[in-house]
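Subject: Structure handover

Hello,

Here is the structure we talked about. Please open it alongside this note. My findings follow below.

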Amino acid sequence: MNYYIADLHFGYEKILKQSERPFASVEEMDQALVHNWNQVVTDEDTVYVIGDVGSYDRPLPEEYLAQLKGKKHLIRGNHDTGYEEQERFFEYFETVTDLFEFDEGDLHITLCHYPIVYIQGGFMIHGHIHNTKKEIHEILEKLPRVLNACVEVNDYRPVTLDELIENNRAYYEDPGKGCLKEWPESERPYHKRRWKADFRPLPVKK
């Protein structure tokens with residue numbers, strides 16, 4: 001079985017407030033993400049992690065990655081590209097890419113951390129935007145084949161393609177369900193960014 005998930009953000013305390021995650025602490029969040037994952041995924045399943053396993057300002061969350069079941073593939077997000085020794089990803093993931101495409105049955109699946117308008121007879125699955133209402137929602141809600149795999153939209157666990165489709169349908173049909181307010185520009189987390197993105201080349205598996 002194939003599963004999809006994005007924006008785990010292990011160890012990233014700021015995400016609790018930014019996305020209003022229902023956890024009292026980052027430790028509680030991290031433990032819940034591992035528990036939820038292993039409740040649905042077996043070691044025979046394949047999981048596509050569509051970016052942002054941790055935080056740009058913390059070490060690679062190896063403690064948690066080591067506990068996750070399944071055959072894992074990482075499509076890097078903006079919080080994944082700055083880690084030193086990128087080849088260490090291969091201790092936990094079978095592949096590491098910035099864009100990944102494959103066929104699931106009769107459908108073509110395109111995976112990228114950032115939503116892109118590219119549909120090749122199937123679905124484009126992304127992360128990055130979480131559950132905040134931004135201008136891009138006005139575009140994506142009109143594109144039912146572009147699916148948001150962020151944990152906030154998918155009960156904080158990996159989901160199948162069918163579950164992903166249903167969760168996105170519910171999410172976009174009822175903006176009040178899980179979708180945060182539209183922030184004034186001055187209040188948005190990226191308004192005064194204090195860090196510069198560090199985009200390192202893709203690692204090569206030895």
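A definition to start: two strands count as paired if DSSP finds at least two bridges between them. Also keep in mind that this is a predicted model.

First sheet

With that rule, 4 strands form an open sheet. Their order is E1-E2-E3-E4, and the pairing is parallel. Strand E1 (2-5) and strand E4 (95-97) are at the edges. Each has a single partner strand, so one side of each lacks a neighbour in the sheet. From one strand to the next, the twist averages 20°.

Look at strand E3 (residues 71-75) and its pairing with E4. They run in the parallel sense, with 3 bridges. Leu74 sits opposite Val96 in E4.

The loop after E3

Between E3 and E4 there is a loop, and Gln86 is found in it. Is Gln86 buried or exposed? Gln86 counts as buried, because its relative accessibility is 5% and the cut-off for buried is under 20%.

What does the side chain of Gln86 reach? One target is the backbone oxygen of Thr81, at 3.4 Å. A polar atom of the Gln86 side chain also lies 2.9 Å from the backbone oxygen of Asp80. Leaving aside neighbours within four places in sequence, Gln86 is in contact with Arg76, Asp80, Thr81, Arg200, Pro201 and Pro203. So if you click on Gln86, check Asp80 and Thr81 for the polar atoms, then Arg200, Pro201 and Pro203 among the other contacts.

Second sheet

Another 4 strands form an open sheet, in the order E5-E6-E7-E8. Here the pairing is mixed. The edge strands are E5 (100-104) and E8 (146-148). Each of these has a single partner strand, so one side of each is left without a neighbour in the sheet. Neighbouring strands in this sheet are turned by 25° against each other on average, direction ignored.

Inside the sheet, strand E6 (residues 107-111) and strand E7 (residues 122-126) run parallel. They are joined by 4 bridges. Which residue in E7 is the bridge partner of Thr110? That partner is Met124.

A helix packs on this sheet as well. Helix H5 (residues 161-173) touches E5, E6, E7 and E8. The direction of H5 makes about 85° with that of E8.

Best wishes

Note on methods. Residues numbered from 1 in each chain as written. Predicted model: local features only at pLDDT ≥ 70, side-chain atom pairs only at ≥ 80, totals over all residues. Heavy atoms only, no water. Helix = DSSP H or I, 4+ residues; strand = E, 2+ residues; numbered from the N terminus. Axes fitted to C-alpha atoms, helices over the stretch in contact; angles between N-to-C directions. Contact = heavy atoms within 4.5 Å. Buried < 20%, exposed > 50% of the residue type's maximum accessible area, 1.4 Å probe, protein only. Polar contact = N/O pair within 3.5 Å; in protein donor to acceptor, adjacent residues only side chain to side chain.
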